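Hello,

Here is the structure we talked about, ready for you to open. Have a look around first, and then read my notes below.

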Amino acid sequence: MPGILHANQMKKCIGCYSCMLACARNIRKNFSPHQSAIQIRSVGGLQSRLAADICRGCKEPPCAAACYCGALTPRPEGGVRYSAKKCLGCGDCVDACIAGVIRFDTEQNSPIICIQCGICTKYCPHEVLSME
Amino acid sequence: MDLTIRILEINLTAKQVKVIERADLSPYLGGVGLAGKLFTEYVHYNQEALDPSQPVVLACGPLSTIFPMATKAVAVFRSPLTGAWGESYAGMRIALAMRMSGYQAIIIHGRAERPTYLVIGTKGVQFRDASALWGLPTDETGRILRQLVPGRGFRSCLRIGPAGESMIAFANVNVDTYRHFGRLGLGAVFGSKLLKSVVVYGDRGESIPDFKRYREIYDQIYQAAVNTDMMGKYHGLGTSVNVALLNSMGALPTRNLKQSSFENVANISGEAFARDSLVRKVACSGCPVGCIHIGLRRRLFGPEYEYESAYLAYDHELIYALGSQLGVSKQEQIYDLIEKVELAGMDAISAGVLLAWLTEAQEQGLVTEKELGVKLSFGSTDQYLKVLDQIIKQPNELYRLLARGTYHTAEVLGGRAYALAPGKLEMAGYHTGYANLVGLSLGARHSHLDNAGYSIDQKAARFNYSHDRVIDELIAEEKWRNVLNSLCICLFAREIYTSKTICTALASVGINMTAEDLDSLGNKIFTLKNQARTSLGFNPDGIHFADRFFETTAMAQELDRDTLVRLVKAYQAKTGL
C-alpha cells in the first residue's frame, strides 16, 4: 500500500491486538503478537489510554543508513523495504532507530521491522490505523 | 500442530514446580474439558474447599488468541460458596499470556507460608513475597505488579483484593482490571493459599503450520465478527441492552425480586448509561468486538469543585445486581457500588443479591440494626457501601455469616423464602420462567451461562415449547457449551462458532475433529462434571427454591412450584443426576 503507517485515532483503540496478530501471521508466519512490528501498549495499565509503537516511516531512515549489507533500503514515501535474504542479523538497525521501535528476534536472528505493508490497517475494527 | 498438552504443576507448600506432558488428555482439547479432568485427578473429595490440598486448575485451548473471540481461560476449583463444582471464565490477556508462555494448563495446590505472588512465563516460575501487597485493593495490586514483572503487553495479572484475603465465599479474582474469574469464590481459594496474585507472561513465538488454510478461516471468522451484525449487540450498547428489554418483558429482578420490572429503569438502562457516562470500550486480546463498556463516574469529594474520577466497567449483570435488585435508580450510585466490589475483589452479582436479601431480612426483623451497624432500605446506597466494608472486616458473628453468602446465611437465620440462590449461588439478572430456574439450579456451575435457560424461556414462550422440549434444550445447550468452553471461545461468539466453523478452525491448525467428535466431547464433559459434582456433595434432591420465585411473575407468567419440581425431576431422569 502507498504511503506510510499512521496511528492517528488511538483514542478509538479497544486494545484487541488484531493488528499485531495480522502483522505477525502475514509477515513472519507466526501466531504470536510478539512477532509483530506494530506493538500496542497501555500507557499505564488498562485504565489509562492505549498507544501504538509504530515505525515512523522516516524519509531518511537511520536504520537503512546503519545497514551495511543492503537488507534495508529506503522507500520513496518513507520507511524501508526489508530483504531477509541479505540480512546478516547484526542488529545495528535496532540501535539506530530513533523511535526505538525495531526489535530483534534472537530465535530467527532477524529484526522485527515494519515494512509499511499496511496489513495491520486492514484488521483494525475501529479504523484507528491508516496508510497515508 | 499436534495437540500438545503441557501442564505446569505448582506446589505452594513445598515451593516446587513440575512440568507434565499429558498427551493422553488431548481428546479433551483444552479449557473446561482439560481443566475438569485434571481437577478430578487432583481434588480431595473429603476435604473442604479451602483446605490447602485443594487444586486450582487454569486452562486455555488450542484456538486461544489465534482466532477471534477465543479469548478466555477457565478456572476449575472446589467452590467455597457451594462446596461443590467451581468453574469460572475470564478473558482480557489471560489466554494470550498462557498460550504464549507455552502451558496449556496450570495447576496450583498447597498453601504458601506467607503472602506470595507467582510469576509464570517463558523464564520459569518464581515464588515472590507479596507481604507488602497483602491488604491492597485489586487496582493498586495490579499497578505495582506491572512495575515489578516483565512482559508488558503480553502478560496477565490475576489478583485478589481484601475480599479474597478474608476468604469471603463469593470473593473473585480480578484479571487485568476489567475482567474477573467472578463467580463461586475462586478469590477465597486464592486467599486461603495466601496467594495474592498470579502473573503470567508469554513472549514466545509460535510458527504457523499451514498459513493459507489458517488465514482463510481466520478471515472468515473475523469478517463475521466485524462486518456483519452478529456481534452488534455486544459491541453497541453491550449486554446492558438487556436491562430495558428484560424490564419491558417483566423479567428484570427488582428489589429482591419483589417485582419483575423496575419503575425507574429509564435512569439506569443501557441506553441511559451510554448516553450519560460511557467513555470507551476495550476488548480482550484477540477479540475485535470490544464488549467491555467503560463509564466515567465523576465524584465531588470536597468544596471548591474538588472532583475525582473513576473509570468503571458496567454491564447488564452489574446494573441488575447493584441497581434494580437493590432498588437503586441512579447511575452514580450503581458506579459507587461497582467500584466498591471491584476494588475489594468481590463477585458483584452475589454481593448485590446478598444485600437485597439482607434489606428484606432486616425489614422482617431477622437482623437488628445493632448487629448490622446500619439501617437498610431498598435504594440506601450509602448504607450498602458500609455493609460491604463490614463484610470484609467481619467484626461480629453476623458479618462472618454474611461472608458465607446468601444461602448459608438464610439457612442459619431464616428468610429462606426470599433467599435467591438456587443451587446455593446467587441468581443472575433474569426472571424469565421455568427454564431459567431449572438451568440455574441444575447447571453444573449454577450459572445462567451454563445453559441459557433465560433464552430458552423466551423461545418457549414464543413458540409454545412443551416442557419436555425445554428440558431437552437445556441439556443440549449445556453439552454444546462444554465444547465451546473446551476451546475457551467467548460465549458471546457462540453464533459464529458453529460446529462446522470450529471443525474448520481446528483442522487449519492440524487438529482433526468431526461434528460428531465435538458432540461426543460435549457429552463426555457433561458426564464428567455430573460425576465430579455428585462426589463433591451436590444433591439435586436437596435444591431449595425460594417462595419468592413463585410470588413474582416471570414474563407475566405466574410460576408454580409443583411444575418446577416436575421439570427438575424430568431433568434428573434424562441425565441420571
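A salt bridge is a side-chain nitrogen of Lys or Arg within 4 Å of a carboxyl oxygen of Asp or Glu. Keep in mind as you read that this is a predicted model.

With that definition in hand, start with B:Arg99 and B:Glu206: their closest N and O atoms are 2.8 Å apart, so they form a salt bridge. B:Arg99 sits in helix α2 of chain B, while B:Glu206 is in the loop between β12 (195-201) and α6, and the two are 107 residues apart. Are these two residues buried or exposed? B:Arg99 is buried at 5% relative accessibility, and B:Glu206 is buried as well, at 12%.

Another salt bridge joins B:Lys459 and B:Glu473, where the closest N and O atoms are 3.9 Å apart. Here the partners are 14 residues apart, with B:Lys459 in helix α20 (residues 453-463) and B:Glu473 in helix α21 (residues 467-486) of chain B. B:Lys459 is partly exposed, with a relative accessible area of 34%.

Helix α21 of chain B also holds B:Asp468, whose partner B:Lys574 lies in helix α25 (residues 561-575), so this pair ties together parts that are 106 residues apart in sequence. The N to O distance in their salt bridge is 3.1 Å. B:Asp468 is partly exposed at 44%, and B:Lys574 is partly exposed at 38%. There is also a network in which salt bridges share partners, made of B:Arg297, B:Arg299, B:Glu308, B:Asp336 and B:Glu339. Over all chains, the structure holds 35 salt bridges.

Now for the place where the chains meet. How many salt bridges are there between chain B and chain A? The count is zero, although 16 residue pairs are in polar contact across this interface. Chain B brings 43 residues to the contact and chain A brings 30. Together the two chains bury about 3,100 Å², with 58% of that on carbon and sulfur atoms. B:Arg152, B:Phe154 and B:Arg280 supply 18% of the area that chain B buries against chain A, more than any other three residues.

On the chain B side, the elements that give two or more residues are α2 (94-101), α6 (211-227) and β13 (278-282). Helix α6 gives the most, with seven residues. By type, the chain B side divides into 22 nonpolar, nine polar and 12 charged residues.

One residue to find in helix α6 of chain B is B:Tyr222. B:Tyr222 is buried, with a relative accessible area of 2%. Its contacts beyond its sequence neighbours include A:Ser18, A:Lys122 and A:Tyr123 from chain A, and B:Pro68 and B:Pro288 from chain B.

Finally, the interior. The largest nonpolar core has 228 residues, and B:Phe67 and B:Met69 touch the most other members. Helix α13 (residues 348-363) of chain B gives the largest share of this core, 10 residues. Among the contacts of B:Phe67 are B:Tyr214, B:Ile217, B:Tyr218 and B:Ile221. Another core of 11 residues lies apart from the largest one, and its members include A:Ala64, A:Cys67, A:Ala71 and A:Cys93.

If you would like one more residue to look up, try B:Arg179 in strand β11 (residues 179-181) of chain B. At 18% relative accessibility, B:Arg179 counts as buried, because the cut-off is under 20%.

Enjoy exploring!

Notes: Residues numbered from 1 in each chain as written. Chains lettered and ligands numbered in written order. Predicted model: local features only at pLDDT ≥ 70, side-chain atom pairs only at ≥ 80, totals over all residues. Heavy atoms only, no water. Contact = heavy atoms within 4.5 Å. Buried area = accessible area lost by both parts, 1.4 Å probe. Polar contact = N/O pair within 3.5 Å; in protein donor to acceptor, adjacent residues only side chain to side chain. Helix = DSSP H or I, 4+ residues; strand = E, 2+ residues; numbered from the N terminus. Nonpolar A, V, L, I, M, F, W, Y, C, P; charged D, E, K, R; others polar. Core = buried A, V, L, I, M, F, W, Y, C linked by side-chain atoms within 4.5 Å. Buried < 20%, exposed > 50% of the residue type's maximum accessible area, 1.4 Å probe, protein only. Lists of a residue's contacts leave out its neighbours within four places in sequence.
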